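Here is a friendly walk through the empty spaces and the contacts of one model. Have a look at it first, and then we will go through it piece by piece.

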Number of protein chains: 2
Amino acid sequence: MKNEPDLSAQIAKSIRDAIVVGDLLIDERLPSEAELSEQFAVSRSTLREALKRLAAQSLIRTQRGATGGAFVNRLTFEQAYGQQITTSALLLSMNNIDFKTACEARFALERACAPLSAQRRTINHLGAMLAEIDRQAQPGLSDEAFCASDVAFHRALVDGAGNPVLSYQLAGAIEAIEPLMNMITFTTRSRDQIVRIHTEIADALTAKDAPRVDNLLADLATYTAQLGQSVADAKKRCRKKQLL
Amino acid sequence: MKNEPDLSAQIAKSIRDAIVVGDLLIDERLPSEAELSEQFAVSRSTLREALKRLAAQSLIRTQRGATGGAFVNRLTFEQAYGQQITTSALLLSMNNIDFKTACEARFALERACAPLSAQRRTINHLGAMLAEIDRQAQPGLSDEAFCASDVAFHRALVDGAGNPVLSYQLAGAIEAIEPLMNMITFTTRSRDQIVRIHTEIADALTAKDAPRVDNLLADLATYTAQLGQSVADAKKRCRKKQLL
DNA sequence: TGCAAAAGAAATGTCAGACATTTAAACATC
DNA sequence: GATGTTTAAATGTCTGACATTTCTTTTGCA
């Protein structure tokens with residue numbers, strides 16, 4: 001019952017540590033696969049598996065050709081967003097997180113941005129939000145498109161805080177819960193109600209009225225939680241009926 | 001100038017999508033490497049590189065032996081914490097995020113938890129916080145240990161909100177900024193000041209006084225930002241001196 | 001019969017070597 | 001000097017072999 005990790009995992013950890021502590025700088029080229037496999041005394045295949053592990057975490061990128069090789073990759077906010085959203089979505093779905101918990105976390109985080117956003121939002125942010133509200137008010141909009149627009153609206157609100165770290169942290173919370181919100185899209189949601197609240201939020205942000213934004217987000221949280229609850233109740237009734 | 005991703009990346013994406021949409025269930029065994037390499041019409045090495053990519057994201061785990069193979073892995077909060085902290089730390093260090101921005105994000109997020117924590121914190125959370133405060137007050141404590149205890153204190157505060165999703169989202173914010181806070185540890189920080197605020201926070205949480213917790217966190221944010229500013233100023237003066 | 005040891009089978013882990021493809025630089029030709 | 005060709009270096013892919021781990025099956029012995 002040996003429980004040592006793979007050689008490829010060990011090597012990946014070794015290189016990852018070198019990147020984290022700064023022994024390898026951004027855009028620096030790693031030695032070639034041939035050299036590295038000699039250094040670590042493993043075959044090229046094993047070493048390549050280690051490099052693929054690092055590539056999967058966006059820690060390195062590879063180029064083919066004469067001057068190619070593996071380079072330490074600057075982790076962009078874009079890449080980090082993507083990873084966070086995937087991880088968060090899987091975490092929620094794989095651990096049976098109930099809607100109430102996810103919803104509570106999401107709005108708690110978003111409300112943390114509200115005061116900053118009320119203070120710093122630019123014309124661009126307000127414009128983006130109003131554009132999304134217009135889209136949401138269109139009658140023919142599909143459920144998917146409405147949901148995407150909803151996400152874009154809240155994304156603009158968060159970005160309005162002008163803090164990229166905050167935007168990154170929020171990406172997971174907002175975009176990963178989108179699938180959960182889809183659960184209730186087809187049943188009891190009132191688009192008018194949501195558009196109304198969104199409009200008021202945009203107004204409050206325009207007026208830089210932070211407390212009002214906070215109150216409105218609280219309203220939205222309550223409304224969303226209610227929808228989730230009613231769907232859950234409906235499901236329970238449905239199950240009972242089936243049992244009879 | 002072909003720009004297609006590797007076969008291993010394509011295959012990894014294909015399997016990852018199958019997991020995300022639920023075609024592959026948790027703990028389900030994937031076909032053997034031999035079967036998969038036949039299905040995707042690639043060699044076993046290429047397929048293995050794809051599997052390593054997935055393993056790097058904790059999406060699968062592998063077992064050796066007769067009944068072994070690759071299994072869809074339940075992503076635990078623990079694993080997700082770890083990934084988030086690594087990603088956040090790299091994101092901050094690789095993009096030259098200034099202390100002010102990171103600090104602002106961190107405290108904005110933590111303050112989002114404060115009302116919930118004031119309401120729901122248990123004896124255990126309060127006990128953990130008091131224990132950390134005691135440790136922080138010990139004279140002989142090393143800077144690293146003080147910093148770790150500081151993180152543990154805030155972690156307990158966040159966990160007090162009783163929302164695992166929130167705790168997960170905050171893990172990155174709090175633990176990734178620890179290295180940044182170390183920057184200022186050795187210079188101007190007053191442990192007494194911090195212990196005093198921590199004590200007051202614990203008192204306020206005991207009394208379930210949410211607004212007071214919020215105010216105290218704001219104080220701590222201000223104090224920390226000041227420290228960061230003073231260190232930055234000192235550095236600037238130092239550079240100027242060197243130029244003369 | 002019962003049980004422990006040995007053999008077998010199936011899977012991943014590792015290695016070695018070959019060939020394909022891409023890319024940039026060096027070279028040659030006009 | 002511009003342009004096309006060759007060459008070299010690197011990653012990407014394939015094949016086949018062997019090592020190791022782990023469970024199952026069989027065998028052998030008391």
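In this predicted model, the largest cavity holds about 80 Å³ of space. Its lining is made up of 13 residues, and those closest to the centre are Met181(A), Arg189(A), Ile194(A), Leu220(A) and Thr224(A). Overall, the structure holds 4 cavities of 30 Å³ or more.

Which elements supply the wall of the largest cavity? At least two lining residues each come from helix H5 (99-120), helix H7 (143-159), helix H9 (178-185), helix H10 (191-206) and helix H11 (210-243) of chain A. H11(A) has the largest share of that lining, with 4 residues.

Next comes an open space. The second largest pocket has a volume of about 1,300 Å³. Its lining counts 40 residues, and nearest its centre lie Pro5(A), Asp6(A), Arg53(A), Lys52(B) and Thr62(B). Chain A gives two or more residues to this lining from each of H1 and helix H3 (44-56), while chain B does so from helix H2 (33-39), H3, strand E1 (60-63) and strand E2 (69-72). The element that gives the most here is H1(A), with 7 residues.

Now to the place where the two chains meet. Chain B has 48 residues in contact with 48 residues of chain A. The size of an interface is often given as the accessible area lost when the parts come together. Between chain B and chain A the buried area is about 4,300 Å², with 65% of it given by carbon and sulfur atoms.

What polar links cross this interface? There are 18 residue pairs in polar contact between chain B and chain A, counting pairs with both residues at pLDDT 80 or more. On the side of chain B that touches chain A, at least two residues each come from helix H1 (7-20), helix H3 (44-56), helix H4 (77-94), helix H5 (99-120) and helix H8 (164-176) of chain B. H4(B) gives the most to that side, with 10 residues.

Salt bridges across the interface of chain B and chain A number 6. In one salt bridge, the side chain of Lys52(A) meets that of Asp6(B), at 3.1 Å from N to O.

The search over all chains of the whole structure gives 30 salt bridges. Within chain A, Arg61(A) pairs with Asp27(A) in a salt bridge whose closest N and O atoms are 3.1 Å apart. Why does this pair tie together separate parts of the chain? Arg61(A) sits in strand E1 (residues 60-63) and Asp27(A) in the loop between helix H1 (7-20) and helix H2 (33-39) of chain A, so the salt bridge links parts that are 34 residues apart in sequence.

To finish, here is the make-up by class of the linings and of the chain B side.

| Surface | Nonpolar | Polar | Charged |
|---|---|---|---|
| Lining of the largest cavity | 7 residues | 3 residues | 3 residues |
| Lining of the second largest pocket | 12 residues | 13 residues | 15 residues |
| Side of chain B that touches chain A | 26 residues | 14 residues | 8 residues |

Key
Residues numbered from 1 in each chain as written. Chains lettered and ligands numbered in written order. Predicted model: local features only at pLDDT ≥ 70, side-chain atom pairs only at ≥ 80, totals over all residues. Heavy atoms only, no water. 1 Å grid on protein atoms, 1.4 Å probe; cavity = no way out; pocket = protein on both sides within 12 Å on 5 of 7 lines; lining within 4 Å. Points joined across faces, edges and corners; volume = space filled by probe spheres on them. Nonpolar A, V, L, I, M, F, W, Y, C, P; charged D, E, K, R; others polar. Contact = heavy atoms within 4.5 Å. Buried area = accessible area lost by both parts, 1.4 Å probe. Salt bridge = Lys/Arg side-chain N within 4 Å of Asp/Glu carboxyl O. Polar contact = N/O pair within 3.5 Å; in protein donor to acceptor, adjacent residues only side chain to side chain.
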